[in-house]
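Grab a pencil and work through a few exercises on the structure below. Try each task yourself before you read the solution.

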Amino acid sequence: AVRGLLKSQPDDFVVEEVPAYLPCGEGEHLFLWVEKEGVAAEQLVQHVARNLGISRQEIGVAGLKDRQAITRQWISVPAAAEGQVDAVTTQAIRVLERRRHRNKLKTGHLRGNRFAITLREVPVEDQAKLPPLLDEIARSGVPNYYGDQRFGRDGETLRLGLELLRGETAPQTIPFARRKFLLRLALNSVQSMLFNAVVADRLRAGQLLTVQPGDLMQVVESGGVFAVEDAAIEQARFESGETVVTGPLFGPKMKQPTGQPGDWERSVLERHGIAADSFAKFPKLTSGARRPMLLRPNELQGTGNGDAGTVTLRFVLPSGCYATVLMREINK
């Protein structure tokens, strides 16, 4: 591992969205390329809504970005608000570009995120460890855990989600103004925690890099999911990077694995006192899906700066994957 200080300065953690498409230049929506520093995702939406005199529901965002970072991303607003856009800019929030488009930006409308992360006070001997460590990560990947920020401060978002699924609290107890946002966040938080638990169980069993009969695999290029029939054949495709083993985002539409993988997933639900059908109470928010259990970063590079004691890491991650999780493997 490479020792060093992470996030000691705001510009040590820079993330830039890789959009699924660029705005075409015409239409009823205005896309804003926004840079923010030290601002949480929800704070950004509230700020834009207030300064443009629109509702938060009219704002489109492809993905949530870290607070403790400099981040750049597209957001969309109604084109009718174009005259007020200058009011959005503050010391911490800057509109770098504006362009019209035909549709509102929706969650998931991004290919991934590009990161530039600086570690400081890195010993010279640790800088020498960097190239072989990055080679190993590029070849084998790392567990694709959800980051801790998914669970809220002191786990409060996760607690709310568990109470909702167990029927211990009702959505109506959440203040109306934040209900839709918090409901989705809390329920997704439970899905994320259960996914992490399955990955951890599999890692402890020494089976994270081994394809099992009954596993559900994802084709990396197309995203298609299929069941494993011949584990030996699929192991070779997995090792070549063509496919990846998936874990559960529980919900009524999720494909179920069979065999040992199915046992692992059922056991995690039982351990946390959650009935599999409880997700059906919120079909639009927890419909269910599969997620790769392994994260393979793209364009992974690292450069040390000798006596200056800094290391800069650059990489691209698919949307929904966490740089903090990758950094945990590098900066243990």
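What follows is a set of exercises on a predicted model, each with a worked solution.

**Exercise 1. The chain as a whole**

Work out whether the radius of gyration of the chain agrees or disagrees with that of a compact globule.

*Solution.* Start with the inventory: the chain has 7 helices and 15 strands. Next, take the length. For 332 residues, a compact globule would have a radius of gyration near 20 Å, and the chain comes in at 21 Å, so the two agree. Along the principal axes, the C-alpha trace spans about 60 × 55 × 40 Å. Now look inside: 49% of the 332 residues are buried. Finally, check who touches whom. Of the contacts with a separation of 6 or more, 79% are between residues 24 or more positions apart.

**Exercise 2. Helix α2**

Compare the expected span of helix α2 with the distance between its end C-alpha atoms, then find where the helix kinks and what it packs against.

*Solution.* First the length. Helix α2 covers residues 124-140, which is 17 residues, and at 1.5 Å a residue it should span 24 Å. Its end C-alpha atoms are 25 Å apart, which agrees.

Second, the kink. There is one of about 35 degrees at L130, shortly before the proline P131.

Third, the buried side. Recall that an α-helix has 3.6 residues a turn, so residues three or four places apart point the same way. With that in mind, here are the buried residues of α2: D126, Q127, L130, L133, L134 and I137. Their packing partners are β8 (142-143), β14 (298-304), β15 (311-318) and α7 (323-330).

Last, step off the end of the helix: G141, just after α2, has a positive phi of about 75 degrees.

**Exercise 3. Two aromatic pairs**

How many aromatic pairs does a search of the whole structure find? Pick out the W33–W74 and Y146–F195 pairs and classify their geometry.

*Solution.* The search turns up 8 aromatic pairs. Take W33 and W74: their ring centres are 5.3 Å apart, with 50 degrees between the planes, and the pair is tilted. Where do W33 and W74 lie? W33 lies in strand β3 (residues 29-37) and W74 in strand β5 (residues 70-78), so the pair ties together parts 41 residues apart in sequence. Buried means under 20% relative accessible area, so W33 makes the cut at 13%, and W74 does too at 4%.

On to Y146 and F195. Here the centres are 5.7 Å apart and the planes 80 degrees apart, which makes the pair edge-to-face. Y146 lies in the loop between β8 and α3 (156-165), while F195 lies in helix α4 (residues 176-204), so this pair ties together parts 49 residues apart in sequence. Y146 is buried at 6% relative accessibility, and F195 is buried at 0%.

One more step: ring pairs also link Y21, F31, W33 and W74 into a cluster.

**Exercise 4. Charges over rings**

Which charged ends sit over the rings of F13 and Y146?

*Solution.* For F13 the partner is K7, whose charged end sits over the ring, 4.4 Å from its centre. For Y146 the partner is R291, with its charged end 3.7 Å from the ring centre. Y146 has already turned up above, in the edge-to-face pair with F195.

**Exercise 5. Three residues of helix α4**

Decide whether V190, Q191 and N196 are buried or exposed, and list their contacts beyond the neighbours within four places in sequence.

*Solution.* Begin with V190, found in helix α4. Its relative accessible area is 0%, so V190 is buried. Its contacts are L158, G161, L162, L165 and I274. The C-alpha atoms of V190 and F250 are separated by 9.1 Å, with these positions 60 residues apart along the chain.

Q191 is also in helix α4. With a relative accessible area of 8%, Q191 is buried. Its contacts are P248, L249, F250, F279, L285, T286 and G288.

N196 is in helix α4 as well, and at 12% relative accessibility N196 counts as buried. N196 is in contact with Y145, Y146 and F151. As a last check, the C-alpha atoms of N196 and Q260, 64 residues apart along the chain, are separated by 17 Å.

Methods. Residues numbered from 1 in each chain as written. Predicted model: local features only at pLDDT ≥ 70, side-chain atom pairs only at ≥ 80, totals over all residues. Heavy atoms only, no water. Helix = DSSP H or I, 4+ residues; strand = E, 2+ residues; numbered from the N terminus. Expected span 1.5 Å × (residues − 1). Bend = angle between axes of the 7 residues up to and from the residue. Buried < 20%, exposed > 50% of the residue type's maximum accessible area, 1.4 Å probe, protein only. Contact = heavy atoms within 4.5 Å. Phe/Tyr/Trp six-rings, centres within 6.5 Å; stacked < 30°, edge-to-face > 60°. Lys NZ or Arg CZ within 6 Å of the ring centre and 35° of its normal. Rg over C-alpha atoms; globule rule 2.2 N^0.38 Å.
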